[in-house]
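Colleague: I've got a new model open and I'd like to learn how to read it. Can you walk me through?

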Amino acid sequence: MDAVTIMTAVNNLNMVNTLNMLAVQDENSFIVTENGKECEIMSGSILDAYIGKDCAVSLFNDVGGIKGKLMDVDAQWVKIETPKKGTQIINRNMIRSVNFENK
């Protein structure tokens with residue numbers, strides 16, 4: 001085999017491995033915590049019950065997180081209304097956890 005054929009095969013294998021990792025990451029993208037109990041999020045449907053409630057969202061790339069009211073959820077995005085920064089639209093792949101408090 002020549003070098004071009006080998007590099008093409010390696011690149012294709014790397015692409016398949018990357019897509020597999022993204023599929024696993026998407027399925028386990030974040031956790032909802034309420035009263036100390038954690039539930040894995042597989043789709044937006046579980047968050048639909050929490051729309052309109054105050055929450056704290058922890059992101060993979062942010063130390064402080066986002067506090068506000070959960071306004072809307074779809075397969076790719078989460079909409080949070082915050083008192084200081086207004087409406088924030090967050091990609092679900094960037095969310096580590098969503099916490100809700102009892103009030």
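Modeller: Sure, surface first. Accessible areas come from the Shrake-Rupley method with a 1.4 Å probe, and for residues only the protein chains shown count as cover. Here the protein chain has an accessible surface of about 7200 Å², with 57% of that belonging to carbon and sulfur atoms. This is a predicted model, where local features need pLDDT of at least 70 and side-chain atom pairs count only at pLDDT 80 or more, while totals for chains, interfaces and linings use all residues. Residues are numbered from 1 along each chain as its sequence is written, and side-chain values use heavy atoms, with hydrogens and water left out.

Colleague: How many helices and strands does the protein chain have?

Modeller: Helices (H or I, at least four residues) and strands (E, at least two) are DSSP runs, numbered from the N terminus. The chain has two helices and seven strands, in the order α-β-β-α-β-β-β-β-β.

Colleague: Along E5, which side chains are buried and which are not?

Modeller: Buried means under 20% relative accessible area, exposed over 50%, and partly exposed in between (1.4 Å probe, protein chains only). E5 alternates: Val78, Ile80 and Thr82 share one face and are buried, whereas Trp77, Lys79 and Glu81 point to the other and are not.

Colleague: And which strands does E5 pair with?

Modeller: Two strands pair if DSSP finds at least two bridges between them. E4 (66-73) pairs with E5 in the antiparallel sense over four bridges, and E6 (residues 86-91) pairs antiparallel with E5 over six. Aspartate 72 stands opposite lysine 79, and valine 78 stands opposite isoleucine 90 in E6. E4 and E5 form a hairpin with three residues between them; another hairpin joins E5 to E6 through three residues.

Colleague: How do I read an aromatic pair?

Modeller: You describe the pair by the distance of the centres and the angle of the planes. Rings of Phe, Tyr and Trp (its six-membered ring) pair if their centres lie within 6.5 Å; planes under 30 degrees apart count as stacked, over 60 as edge-to-face and the rest as tilted. This structure holds one such pair. Tyrosine 50 and phenylalanine 100 have ring centres 4.3 Å apart and planes at 20°, so the pair is stacked. The partners sit 50 residues apart, tyrosine 50 in the loop between helix H2 (45-48) and strand E3 (54-59), phenylalanine 100 in strand E7 (residues 95-100).

Colleague: Are those two residues buried or exposed?

Modeller: Tyrosine 50 counts as buried because its relative accessibility is 13%. Phenylalanine 100, at 5%, counts as buried too.
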